[in-house]
Amino acid sequence: MDLSQAIDCASALALPFFLDEAALTAERQKNEEALKVLLDTWKNTPAGAEPFGFDLVLGLADRNRGICDLIGADKLRDVSPSCLARKLADANLVHAVAHMQHRPDAEVAAIAGPGLDDLNIAYVDAPVSGMVMGIDIETTDRDPARGYVVNIGLEFMDLAADAKPHDAFAGYCGIPDMYAEKGVPLEFIHHITWDDLKDCAPLRQNPQMQKAILAAMCAYPYMAHNAAFEDSWFMLNIAGYAEARKVGKICIIDSRDICRRVDPEVRTLPRESRPATLENWARRRGTLAVGESEVHLGLDDVELMLRTVQAEFAERNMFR
C-alpha cells in the first residue's frame, strides 16, 4: 500500500458493522496496513511538512478498534501487533541520558558510539538529577490500534537518593458496553473488571484526561518500563502527543533500557530468566520482596519502577 492509498483508506467512510468475520478481518488488515504507512510517513517527514494531519491517523485507529471489537479480542490475541514499536529510537535513548545529566545530546552520543554499544558507559559518566514523571498503563491488547487503555497510573519523583514519589494519580478508562457481558480483555493479567470501568469514559472520549496527561509529559520527562509500549499507545490515544513528541517537547526515559545497560547482573543472567523485567529487576534491588509479584496495575507498578531505578542509581553512585 502506498501513501495515497493509505490516506484514501483513512479518509473513507466507516463501513456498516454487519460484515461477516472474513470481511471484518480483511478490513482490519487493510486498516492496519494503512496505519503503518501513515505512521512511518509521519515519523520520517520533517515537522510542518507532513502531507496529512495526525487526526487522520487517530480517526483510523478509532475505527479499527471498532472492527476488532466485532472480531473479538480472544481471536486477535495471538495476532502479531501492527502498530506497536519494539524499541525507542537510538536518538530517544541518547536524549534521555542527556536530559537526566543536563548536558548536550552530542556529548552522550560521542561516548555511546555507533550503535550505542557504549551507552552503558554514558549512563554512569555524569551524575543524574531533576524531576521525572513515572507512568504505566494497563490495556486490553498489545496493539494500540486494536485495544483500549483501561488504567493509568502516574506520579513524580526527584532523581535523588532520598527522594520519595509524590503527587500520585490513578484512573480508570472505559471500554465499549459490549464488554459488560464479554468481560474485560486481559483481565487475567491486570485483574480489572467491568465494575471498575462501567462508569468511566474511554480515554479517546475524555479530552480533559488527555490534555492533563499531555501537559504533564511536556513539563517533565516521563519514565516507563519498556517505554516503547507506552509511547506507541500514547501516539494513538492522546490528541497532540504525536505533534508534541515530534518537535521535542516530550522526553521519554525507558527504565528497561536503564536496567539492561546499568545493572551488570543482566549480562550474566540467562536470557530465559527475563532479567530485565521490572519484577525480576526489583527483586535483585530489594524493592520487591521474595515471594511478592508485580501487581500489573498502573500506579503500583509506577511506584515499584521509580523505587527500583532509584536503588539502581544509588548502587552505581549516579546521583549528584
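**Notebook: salt bridges**

I began with helix α2, where the side chains of Lys30 and Glu27 meet in a salt bridge, with 3.6 Å from N to O. I keep in mind that this is a predicted model. Both Lys30 and Glu27 lie in helix α2, which covers residues 21-44, and they are 3 residues apart, about one turn of the helix. I then looked up how open each partner is: Lys30 is partly exposed, with a relative accessible area of 38%, whereas Glu27 has a relative accessible area of 9% and is therefore buried, the cut-off for buried being under 20%.

Next I turned to Glu50, which forms a salt bridge with Lys246, and I noted 2.7 Å between the closest N and O atoms. Because Glu50 lies in the loop between α2 and α3 and Lys246 lies in helix α13 (residues 241-246), this pair ties together parts that are 196 residues apart in sequence. Glu50, at 19% relative accessible area, is buried, while Lys246, at 24%, counts as partly exposed.

My third entry is the salt bridge between Asp90 and Lys87, whose closest N and O atoms are 3.3 Å apart. Here I found Asp90 to be partly exposed at 34% relative accessibility, and Lys87 to be exposed at 52%.

After these pairs I looked up a network: Asp263, Glu265, Arg284, Arg285, Glu312, Glu315 and Arg316 are joined into one by salt bridges that share partners.

Finally, I asked myself how many salt bridges a search of the whole structure finds. The search finds 26. As a general reminder to myself, side chains of opposite charge can pair when their charged atoms come close.

Terms used. Residues are numbered from 1 along each chain as its sequence is written. This is a predicted model: local features need pLDDT of at least 70, side-chain atom pairs count only at pLDDT 80 or more; totals for chains, interfaces and linings use all residues. Side-chain values use heavy atoms; hydrogens and water are left out. A salt bridge is a side-chain nitrogen of Lys or Arg within 4 Å of a carboxyl oxygen of Asp or Glu. Helices (H or I, at least four residues) and strands (E, at least two) are DSSP runs, numbered from the N terminus. Buried means under 20% relative accessible area, exposed over 50%, partly exposed in between (1.4 Å probe, protein chains only).
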